[in-house]
Amino acid sequence: MDKALIAHAQGLHGTLIVPGDKSISHRSIMFGALAKGTTVIDHFLFSDDCKRTLAAFQALGVPITIKGDQVTITGVGFNGLKAPKQPLDLGNSGTSTRLLLGVFSKQPFPIQFFGDASLSKRPMQRVIGPLSQMGAQITATNNDFLPLTIAANQKLDAVEMTVPVASAQVKSALIFAALQADGVSKLTEIAQTRDHTERMLRQFGGKIDKDGLTLTIKPQNQFVAQKFRVPGDMSSAAFFALAATLVPNSQLRLAQVGLNNTRTGFLDVLSRMGADFRVENVDSKTAEASGDVIVTSSKLKATTVHGAEIANVIDEIPLIALAATQAEGVTEISDAAELRVKETDRIETVATELRKLGANIETKPDGMIVHGPTALHTVTSDQVDSHGDHRIGLMLAVAALVSDSQLTLTDASAINVSYPNFFTDLEQVLD
Ligand code: S3P
């Protein structure tokens, strides 16, 4: 599907409730399925990715009903799952694949996973290796890729290990396996990554200890069903936060956005770049804090992003690169080689697409150097391409708002992975 993008916007105003958080939506289905009782989740994100997790548990016999954006799950526990009749199609979803590898690593029946072309190229050995060390038996294509099979397995051993990659997906898979292991496990991260799994585990009545970057997990399977609202996705709010910053005469309220401090790195980066925003109505009484972010347009200056901050902004780096094209000075992003194994190689796809619009970007093995500011307009093509990657498509839609040329986004339906209503939301806040 091609989509004509809105160019040279005049301003963004009003209030937007952005869709539910993708990471939290995935996990809410998992813990709901593992808990005793009925879990009710409001403001669930019905995007392609989260629907894959939902469908996977339905295929394993978990009763799940949907009403509007509310999901009701009747939990069955680790021991109540049933053999699926078919291989599970996980579409484009790396989060479903990696977390479910851990959740399903000790079931009395085999489970097969497959996915789309992009997911089939994404590395799984980073999860399969540590899970195998615990006793899981997973056979993957070329040892690393989907399609794969998790064999029936009766036993997982506890481990003490360093999580090999700074990845919340890998950490979470290992937490789910550790919950089913024969003893106490200790997992040490090399950098703090998003901690939604840990928070939700506690929210559902489980126990996990944290000391610095080390987590201690005892075996447990007595989770208690919960009722809660998924906060807005900071990674989705980020598209509008940058749009309101870049489009002159804007003032936009992004309401009830998740403010978990392992996810707010993008706001820190924007702040260093001189963006004008404030946070109001903070609610930190729930497992996941939320609040309103009010953004007013402003001029930006360059910054550097590297080291431990990268894990906290990993999904927002395409947007940071776009911000840098409009900022005064040279922005350097380093230590971000993980971008090369996301839904696309996001170092290359960001550079390729923004260069079409006149951006001055150098790529490095682990990041980018962006020389700003440059006006954005058609230089080589008025067709920009999502490359099938939701965050690239959404970033380009924001780039179009400050571009002087009319652009068309090819493969625009990729945005359905995390933000199916993006264009409707955009129209609602555009002057
Ligand atoms: C996610 C973790 C991140 C992120 C992805 C969602 C999660 O991946 O990029 O969109 O829900 O745990 P990594 O932890 O592998 O970097």
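1. Ala, Val, Leu, Ile, Met, Phe, Trp, Tyr, Cys and Pro count here as nonpolar, Asp, Glu, Lys and Arg as charged, and the others, Gly among them, as polar. On that basis, the shell around the ligand holds five charged, four polar and two nonpolar residues. Bear in mind that this is a predicted model.

2. The shell itself, by residue. Lys22, Ser23 and Arg27 are part of it, as are Thr95, Ser167, Ala168, Gln169 and Arg194. Ile314, Asp315 and Lys342 complete the set around the ligand. Ala168 and Ile314 are the nonpolar members. Asp315 is one of the charged ones.

3. Which helices supply at least two residues each to the shell? They are H1, spanning 22-34, and H5, spanning 168-179. H1 gives the most, with three residues.

4. The site draws on two domains. Domain 1 covers 3-20 + 231-429, and domain 2 covers 22-221. Each provides at least three residues of the shell around the ligand.

5. Now the polar contacts. A polar atom in the side chain of Ser23 sits 2.7 Å from a ligand oxygen. For Ser167, a side-chain N or O atom is 2.8 Å from an oxygen atom of the ligand. Gln169 uses its backbone instead: an N or O atom there lies 3.2 Å from a ligand oxygen. On its own the ligand has 380 Å² of accessible area, and the protein covers 95% of this.

6. Where does the ligand sit among the pockets? The space it takes is the largest pocket.

7. Backbone geometry deserves a check at a few places. Most peptide bonds are trans, and most residues other than glycine have a negative phi. The points below list exceptions.

8. Leu146 and Pro147 are joined by a cis peptide bond, with omega about -5°. Pro147 belongs to strand E10, residues 145-150.

9. A cis bond also runs from Gly372 to Pro373, where omega is near -5°. Pro373 is in a loop. That loop links strand E24 (367-372) with strand E25 (383-385).

10. Asp335 is not a glycine, yet its phi is positive, at about 65°. This residue is in the loop between strand E22 (327-333) and helix H11 (346-355).

Methods
Residues numbered from 1 in each chain as written. Predicted model: local features only at pLDDT ≥ 70, side-chain atom pairs only at ≥ 80, totals over all residues. Heavy atoms only, no water. Near = heavy atom within 4 Å. Polar contact = N/O pair within 3.5 Å; in protein donor to acceptor, adjacent residues only side chain to side chain. Areas by Shrake-Rupley, 256 points an atom, 1.4 Å probe, with all protein chains shown as cover. 1 Å grid on protein atoms, 1.4 Å probe; cavity = no way out; pocket = protein on both sides within 12 Å on 5 of 7 lines; lining within 4 Å. Sits in = over half its atoms within 2 Å of the grid points. Helix = DSSP H or I, 4+ residues; strand = E, 2+ residues; numbered from the N terminus. Domains from an automatic or database assignment.
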